[in-house]
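Dear colleague,

Please find below the structure that I am handing over to you. I should be grateful if you would read the notes beneath it with the coordinates open.

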Amino acid sequence: MEEIEKNKKHNLRLFPLYKMMSWDLLFFYAISFLFLTEVKGFSTAEILFADAFYPLFKAILQIPCTILIDRIGKRNSLVIANTSVSMFVLLTIGCNSIIVLILANLFNAFGFVIKSTAEPNILYEALSKGPNRRTIFSKKDGFCGALFYYFDAITSIAAGFLFVINPYYPLILCLIMTVLSTILSYAFRIIPVDTTSSE
């Protein structure tokens, strides 16, 4: 029991840093369209066509990803999800055809479907059971989200300046962030689900 409480505290300390770095792609959205058009030579129509597969893949992957999380657990699923997002960034950096861009969106959809399910549960399970658990969860999750938005604003501004110096710099930093997110997700400790006690 003492070990479980220690693991919960560890996950609570780690979660704000994890979410700040991994809730969404950093250094990416401010320059992604310019990178694909100016550097990779894709047309607007090609980018929109490839991006249209992202919500389609997300819809298709909902049930398989839920089954995967149930089978291998939230922590292991997050490691796979963040690795998949890293593959998306890597494929975007090296893409040379519309097929590769569509494949990149498959990896991205797979990663974010798992992340959207597993990440809140990692935080929720780290909180002690009690009548205020949901309220505490909302406050902590909101605080972690605020940290991300501050960090995202800074990295978005930086991405614009870095793109002018070298268009690959923001994408490389984005890849580094996704790799660090994978390492952080591995650092979460597995907490066994207690089905005997109530909220």
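The notes that follow cover helix packing, salt bridges and several individual residues.

Please bear in mind throughout that this is a predicted model.

**Helix packing**

I begin with helix α5 (residues 74-94) and helix α8 (residues 168-187), whose axes come within 8 Å and cross at roughly 170°. An angle over 145° counts as roughly antiparallel, and α5 is therefore roughly antiparallel to α8. On the α5 side, the contact is made by Arg75, Leu78, Val79, Asn82, Thr83, Val85, Ser86, Val89, Leu90, Thr92 and Ile93. The residues that α8 brings to this contact are Tyr168, Leu171, Ile172, Cys174, Leu175, Thr178, Val179, Ser181, Thr182, Ser185 and Tyr186. By class, the contact of α5 with α8 comprises 13 nonpolar, 8 polar and 1 charged residues.

A second pair is formed by helix α3 (residues 44-51) and helix α4 (residues 53-72), which pack with their axes 5 Å apart and at an angle of about 10°. Angles under 35° count as roughly parallel, so α3 is described as roughly parallel to α4. Phe49, Ala50 and Asp51 of α3 meet Phe53, Tyr54 and Pro55 of α4 in this contact. The contact of α3 with α4 has 5 nonpolar residues, 1 charged residue and no polar ones.

**Arg75**

Arg75, named above in the contact of α5 with α8, deserves separate mention. This residue of helix α5 has a relative accessibility of 17% and therefore counts as buried, the limit being under 20%. Apart from neighbours within four places in sequence, Arg75 is in contact with Ile122, Ser185, Tyr186, Phe188 and Ile190. With Tyr186, a polar atom of the Arg75 side chain lies 3.1 Å from the backbone oxygen. As for Ile190, its C-alpha is 6.6 Å from that of Arg75, although the two residues are 115 apart in sequence.

**Salt bridges**

The structure holds 4 salt bridges, and I describe some of them here.

Asp141 and Lys19 meet through their side chains, with an N to O distance of 2.6 Å. This salt bridge links distant parts of the chain, since Asp141 is in helix α7 (residues 133-165) and Lys19 is in helix α1 (residues 2-22), 122 residues apart. Asp141 is partly exposed, at 22% relative accessibility, whereas Lys19 is buried at 6%.

Glu125 and Lys74 form another salt bridge, in which the closest N and O atoms are 2.9 Å apart. Because Glu125 lies in helix α6 and Lys74 in helix α5, the pair ties together parts that are 51 residues apart in sequence. Glu125 counts as buried, with a relative accessibility of 19%, while Lys74, at 22%, counts as partly exposed.

A further salt bridge joins the side chains of Lys115 and Glu119, at 2.8 Å from N to O. Here the partners are 4 residues apart in helix α6, which means that about one helical turn separates Lys115 from Glu119. Both of these residues are buried.

**Other residues of note**

Lys8 lies in helix α1 and is buried, with a relative accessible area of 12%. Beyond its neighbours within four places in sequence, Lys8 is in contact with Glu125, Ala126, Leu127, Ser128 and Ile191. Glu125 is thus a contact of Lys8 and also the salt-bridge partner of Lys74.

Asn105 belongs to helix α6 (residues 98-126). With 5% relative accessibility, Asn105 counts as buried. Its contacts, leaving aside neighbours within four places in sequence, are Ala50, Asp51, Tyr54, Phe57 and Phe88. Among them, Ala50, Asp51 and Tyr54 also take part in the contact between α3 and α4.

Finally, which backbone angle of Phe27 should be noted? Phe27 has a positive phi of about 65°, although it is not a glycine. Phe27 sits in the loop between α1 and α2 (32-39) and is buried, with a relative accessible area of 9%.

With kind regards

Technical notes:
Residues are numbered from 1 along each chain as its sequence is written. This is a predicted model: local features need pLDDT of at least 70, side-chain atom pairs count only at pLDDT 80 or more; totals for chains, interfaces and linings use all residues. Side-chain values use heavy atoms; hydrogens and water are left out. Axes are lines fitted to C-alpha atoms, for helices over the stretch in contact, and angles run from 0 to 180 degrees between N-to-C directions. Helices (H or I, at least four residues) and strands (E, at least two) are DSSP runs, numbered from the N terminus. Angles under 35 degrees count as roughly parallel, over 145 as roughly antiparallel, 65 to 115 as roughly perpendicular and the rest as oblique. Contact means heavy atoms within 4.5 Å. Ala, Val, Leu, Ile, Met, Phe, Trp, Tyr, Cys and Pro count as nonpolar, Asp, Glu, Lys and Arg as charged, and the others, Gly among them, as polar. Buried means under 20% relative accessible area, exposed over 50%, partly exposed in between (1.4 Å probe, protein chains only). A polar contact is a pair of N or O atoms within 3.5 Å; within protein, one must be able to donate a hydrogen and the other to accept it, and residues adjacent in sequence count only if both atoms are side-chain atoms.
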